[in-house]
Amino acid sequence: MTATATSARSDLSELGRSETALRTFLHGLPGVDQVGAEQRAAQLGTRSIKTTAKAQAIDLAIRMVDLTTLEGADTPGKVRALAAKALRPDPADPSCPHVGAVCVYPAMVPHVAEVLRGSGVHLASVATAFPSGQAPLEIKLADTRAAVAAGADEIDMVINRGAFLAGRYKEVYDEIVATKEACGDAHLKVILETGELATYDNVRRASWLAMLAGGDFIKTSTGKVPVAATPPVTLVMLEAVRDFRAATGRQVGVKPAGGIKTTKDAIKYLVMVNETVGPDWLDPDWFRFGASSLLNDLLMQRTKLTTGVYAGPDYFTLD
Amino acid sequence: MSERVAVRKTYKLFIGGKFPRSESGRSYLVQDSNVSLASRKDARDAVVAARAAVKGWAGATAYNRGQILYRVAEMLEGRRDQFVALGASAAEVDAAIDRWVWYAGWSDKLPQVYGGANPVAGPYFNLSAPEPTGVVAVVAPESPALLGLVSVIAPAIVTGNTVVVAASPSAPLAAVTLAEVLATSDLPGGVVNILTGRLSETVPTLAAHMDVNAIDLTGVADAELAAELEVKAAENLKRVLRPAPADNDWYADPGVTRMTTLLETKTVWHPKGV
Amino acid sequence: MFEYAPAPESRSVVDIKPSYGLFVDGKFVDPTDGGSFKSINPASEEVLAEIAEAGSQDVDRAVRAARQAYEKVWGPMPGRDRAKYLYRIARIIQERSRELAVLESLDNGKPIKESRDVDVPLVAAHFFYYAGWADKLEHAGFGPNPRSLGVAAQVIPWNFPLLMLAWKIAPALAAGNTVVLKPAETTPLTALLFAEICQQADLPAGVVNIVTGAGETGRALVEHPGVDKVAFTGSTEVGKAIARAVAGTRKKLTLELGGKAANIVFDDAPVDQAVEGIVNGIFFNQGHVCCAGSRLLIQESVADRVLESLKRRMAQLRVGDPLDKNTDIGAINSAAQLARIRELSEAGSAEGAERWSPPCELPDRGFWFAPTIFTGVTQAHRIAREEIFGPVLSVLTFRTPAEAVEKANNTPYGLSAGIWTDKGSRILWMADRLRAGVVWANTFNKFDPTSPFGGYKESGYGREGGRHGLEAYLNV
């Protein structure tokens, strides 16, 4: 069982001081039965969201998109175009909301910042030697500071999976603490890279570790390994933020990233949020989708709902 | 020189591993001997003894139960003359001994033959295994007194049940003598309990008893009585074993139905995951 | 707030006739000595159809048709051909699954997501599974020459109308018997649609006969001297009456009766999955499930936390229109059942247990009962001993594994049990000691045609499903 609510609040902040305390706590979390968790996620996926509920879900999902490009081939021109799309996803329909954020590499941040300034769309930058995290800590922290200095107000860091899997929890914890400090006022999203953690027990432990260390969001994936966000992984992370808030009073956001391509997928995630953690998290401040192609599918479905006619990809921008 | 005066045996009941007289203090004359005339209360006491023995006997390893049944065969082999003297044919005694051996071997095989993994359509380990039903009331056949008795007791207990047996009223001496064999065969007290006397006194009590899980009506020849007993047994849904008379060729291969009727199948599911 | 808009499944896929006859000897016929009754939609109290009530002459006619079919057609037919008919039926069920699911939800009140995702797929799977046995009986482990019994009289309940039909008919036919089946009087419609499926499959006349009616029809059927086998699923009370009725007849009898299962949660349980299992255990099918986990036993050290999670989860349950795809809990099957649930729940409160339900609006028409838990329950309470057969959970606590076993087994029933713990050896220790026919460890309410199902003690005898399920229909 996790520590009980109020009485444990003060204790939890002490955990990071010792490897033993962290290990004892993380290994004392309730286990996750794989089959049961996957069944629950699948069951939530059978909800039928139609008409007004669907329209509401689509607009919410658009507002939650972290419109992302993380390619070696990214250029200032490419990311500016993406930022423009983030502001006006559907130029033909001014009632269409803007996305939650644009997510790019640190070097691209200044170019995006020019476009987004004053828009309310957040600017997220990956950092800490994304996606592997295999660099000295000073370099990872410098990476973070540079991104923030260039205008990012959200930092997506990667945890040290090698250290985590080797059981060196304090090392992982300390890195997150240090990165959070380097972020200053910027929000910190902690990427667990769940595809490399292999088990839901590990996902739950890593989620708690990231939250204990001060992460503002926990995020599934970099999108750079074969297994990215899945509904059951997200379910386990949602349960973790729910329990964490109950134990500490602090709310942490969740961001599934990678592999979410269709409106249908996105709505399944929203149903999961709704029925696992409730309306408090149904907000771009607390739930995001790390995605790129998802946005156009949301826009096509949105148009279908308003016009009654199935849309085609030629009518939506490909930036 | 005077002839030696024989020491006669007192034939008593067999309850909880002990040989008490009937609590009613009654006996009846049969096979030239005074044999205890069991009462309803004796039947009740026997059920209590049988219930108390379930945990240990059902919980014993199959290997252990098999060895004990084999031990019964060994002890019976040593007493063959005694049973012949009570009227059994040599062939009957041989068959009775062999029957113990046959059932002894089933103890650790029946769960394999009768249980196993079920290939369910999902990520689950799923296994069915037979378990003893608990306390079984057994009406032994009138004859053959020894082979018939062995053929109803052995299949009930080999799987871990305990029994209360109503012995053949007209030939109870084999039953009481078998009790002596059982008492010296490492069989825990209470696994087999034997009542002698009138079926009309003990069997309806057993059939109606709410702490008896099954009843074997093999020895009830009267169809009307059998039906009455089945009605009583329905009160707590006892498993009822009532073979067709044609199936009672005691020298034939017994098959497994006697064992399986007195078993429950338990199926356990567990997810397979990491 | 994220409100789900109504998402009703269309009922136009089903064509309900105004009235139905009995299905005897391959045809729908009017009853000769019976009357008729109405089947209603428990979610709206609307009359769905007028159903023939079979009297004793009608039952006799059906048994004679079954006997004739057994002797002339089905008995002599090679197993491989019987198999093909069963495969055919399985396929038609898959093809008409939408229709069957909608009709089941209309007549029974269960949510469409369950009839669609659980009942009907399992029905098809059951026929598919037993079809394969029809020509392999000598390999089933019952000796070299297992023989069919003859005519099987089958009486089934209203909680899983079509699934219980499949559990009865598929093994009976595979083993070479013919059947006369009586569906429950509140849920006859899918059985009658199944009769049409038998016609569509060109199943020989008389192999399957369906006689609709209430208790009297059932009594006439099981007491009919022309039947060789009686199979019943329903209440323990009726099961005992049937056992008495067939006493002395040498009819082979199998009974699948009531339960009061313990669902046992240890302090090291995977708690989120355990909560799902508790919810599924008692609220699946409105709790109209003989193996429902109706007694929750929680280790005292985690009781508060588990209950808190459970209540939070219960607040997410959506009660309402069974045809809405998002409904989790549908209608109670009948006014009589609703009255029984209410009576026992009131007894729970009167005996001092604390009652809780999430806020939940119930429709005005139809039969409804909010998901309910009782805490502070002891073994002495009626709600801990009697089968409620509704969405009502009794919560008890325990301190040690031995106490959990003792409480779990302290009931005349013995159908199922649940264990939630991360410790493998404890699962096996517990499973050994629980006197129940099905033990679900870290899961609950899972069913499969290959997996034997049935109870200990007053939960009945015999098994349905798997190789074991064949034995009920064979002379071995």
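In the next few minutes I will go through two residues of chain C and then the contact between chains B and C. Please keep in mind throughout that this is a predicted model.

Let me begin with Glu256(C), where UniProt, in an unreviewed entry, places the feature "active site". If you look for Glu256(C) in the structure, you will find it in strand β11 of chain C, which covers residues 252–256. Glu256(C) counts as buried, because 29 other C-beta atoms lie within 10 Å, and the cut-off for that label is 20 or more. Leaving aside residues up to four places away in sequence, Glu256(C) touches Thr233(C), Cys290(C), Gly454(C), Gly455(C), Gly460(C) and Glu464(C).

Now to Ser19(C), which belongs to strand β1 of chain C, residues 19–20. Ser19(C) is partly exposed, because 13 other C-beta atoms lie within 10 Å. With residues up to four places away in sequence again set aside, Ser19(C) touches Ala49(C) and Glu50(C), while its C-alpha atom is separated by 9.8 Å from that of Ser39(C), 20 residues apart along the chain.

Let me turn, finally, to where the two chains meet, a contact that takes 28 residues from chain B and 32 residues from chain C. On the side of chain B that touches chain C, the elements giving two or more residues are β4 (124–132), α9 (223–233) and β10 (263–271), and the largest share, eight residues, comes from β10(B). By kind, the residues on that side of chain B divide into 14 nonpolar, nine polar and five charged. β10(B) also pairs with strand β18 of chain C, residues 438–441, in the parallel sense over three bridges, and within β18(C) the bridge partner of Thr267(B) is Val438(C).

How values were computed:
Residues are numbered from 1 along each chain as its sequence is written. Chains are lettered from A and ligands numbered from 1 in the order in which they are written. This is a predicted model: local features need pLDDT of at least 70, side-chain atom pairs count only at pLDDT 80 or more; totals for chains, interfaces and linings use all residues. UniProt positions are given in the numbering used here, feature names are shortened, and annotations may be inferred rather than shown by experiment. Helices (H or I, at least four residues) and strands (E, at least two) are DSSP runs, numbered from the N terminus. A residue is buried if 20 or more other C-beta atoms lie within 10 Å of its own, exposed if 12 or fewer, and partly exposed in between; C-beta atoms are placed from the backbone. Two residues are in contact if their C-beta atoms, placed from the backbone, lie within 7 Å. Ala, Val, Leu, Ile, Met, Phe, Trp, Tyr, Cys and Pro count as nonpolar, Asp, Glu, Lys and Arg as charged, and the others, Gly among them, as polar. Two strands pair if DSSP finds at least two bridges between them.
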